[in-house]
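Let's take a walk through this protein together, one piece at a time. Keep the picture open while you read, and try to find each part as it comes up.

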Amino acid sequence: MDIETLSTRANAVVLSVGICLFDIEKVQSFDEIVEGGIELFFDTQAQVDAGRHIDQSTLDWWSKQGEAAQRVLNVDPAQQIHPRKFYGVFEKFCGDNVIQVAFLQNKARWFARGPTFDMSIMDDMFRDFNVTSPW
């Protein structure tokens, strides 16, 4: 899991989350893992309305990034999901029964590029919208 935000605070507006599923016992290249992943874009206006934080220094940082990175800043609202719809979209992505059983039996594990950053911000966003964190 990896997220993109508009702040470094725990209550940051979350732009997107990328999630890749993989079998730790199977050898796969990074590209193969990423190819099987999903990227979800969150409704930024709903987050702003809920009082989530946007930081000017983070906006300045984004303005210095390349065009490929900046694409998360200009996502059509029709492609954004409300944080409360995370589980519906995530469960559809995980449609494979083996994956769902692994989550139900607590055999699945979450890895994050920045566990103390990504997971704590996602936890905070989920709390704001009365959603239980999946980890």
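Start with strand E2, which covers residues 14-19: 5 of its 6 residues are buried, so the rest of the structure largely encloses this strand. Keep in mind that you're looking at a predicted model.

So who are the neighbours of E2? Let's look at one side and then the other. Strand E1 (residues 2-5) is joined to E2 by 4 bridges, and the two run antiparallel. You can pick out the partners by eye: threonine 5 stands opposite valine 14 of E2, and isoleucine 3 has valine 17 in E2 as its bridge partner. Another 4 bridges join E2 to strand E3 (residues 38-42), again with the strands running antiparallel. Here isoleucine 19 has isoleucine 38 of E3 as its bridge partner.

What holds strands side by side like this? Strands of a sheet pair through backbone hydrogen bonds, and they can do so either parallel or antiparallel.

Now zoom out to the whole sheet. It is an open sheet of 4 strands in the order E1-E2-E3-E4, and its pairing is mixed. At the edges sit E1 and strand E4 (80-81), each of which pairs on one side only. Helix H5 packs on this sheet, touching E2, E3 and E4, and its direction makes about 170 degrees with that of E3.

Next, look at the nonpolar residues. The largest nonpolar core has 20 residues, and those with the most contacts inside it are Val14, Val17, Phe42, Phe86, Met122 and Met125. Which elements supply it? E2, E3, helix H5 (86-93) and helix H7 (115-128) each give at least two residues to this core. The largest share, 5 residues, comes from H7.

Methionine 122 is a good place to stop and look around. Setting aside its neighbours within four places in sequence, methionine 122 is in contact with Met1, Ile3, Val14, Val17, Phe42 and Trp135. You've already met Ile3 and Val17 as bridge partners. Apart from the largest core lies another one, of 7 residues, with Phe41, Trp62, Val72 and Val75 among them.

Time for the rings. There are 4 aromatic pairs in the count. One of them joins tryptophan 61 and tryptophan 62: it is edge-to-face, with 5.0 Å from centre to centre and 75 degrees between the planes. Are these two buried or exposed? Tryptophan 61 is partly exposed, at 45% relative accessible area, while tryptophan 62 has 3% relative accessibility and counts as buried.

Phenylalanine 86 and tyrosine 87 make another pair: their ring centres are 5.4 Å apart and their planes are at 75 degrees, so this pair is edge-to-face. Phenylalanine 86 is buried, with a relative accessible area of 1%, whereas tyrosine 87, at 25% relative accessibility, is partly exposed. Ring pairs also link Phe86 and Tyr87 with Phe90 and Phe126 into a cluster.

Let's finish with a backbone oddity. Which residue has a positive phi although it is not a glycine? That's asparagine 130, with a phi of about 55 degrees. You'll find asparagine 130 in the segment after H7. Asparagine 130 counts as exposed, because its relative accessibility is 72% and the cut-off for exposed is over 50%.

Key
Residues numbered from 1 in each chain as written. Predicted model: local features only at pLDDT ≥ 70, side-chain atom pairs only at ≥ 80, totals over all residues. Heavy atoms only, no water. Buried < 20%, exposed > 50% of the residue type's maximum accessible area, 1.4 Å probe, protein only. Pairing = 2+ DSSP bridges. Core = buried A, V, L, I, M, F, W, Y, C linked by side-chain atoms within 4.5 Å. Contact = heavy atoms within 4.5 Å. Axes fitted to C-alpha atoms, helices over the stretch in contact; angles between N-to-C directions. Phe/Tyr/Trp six-rings, centres within 6.5 Å; stacked < 30°, edge-to-face > 60°.
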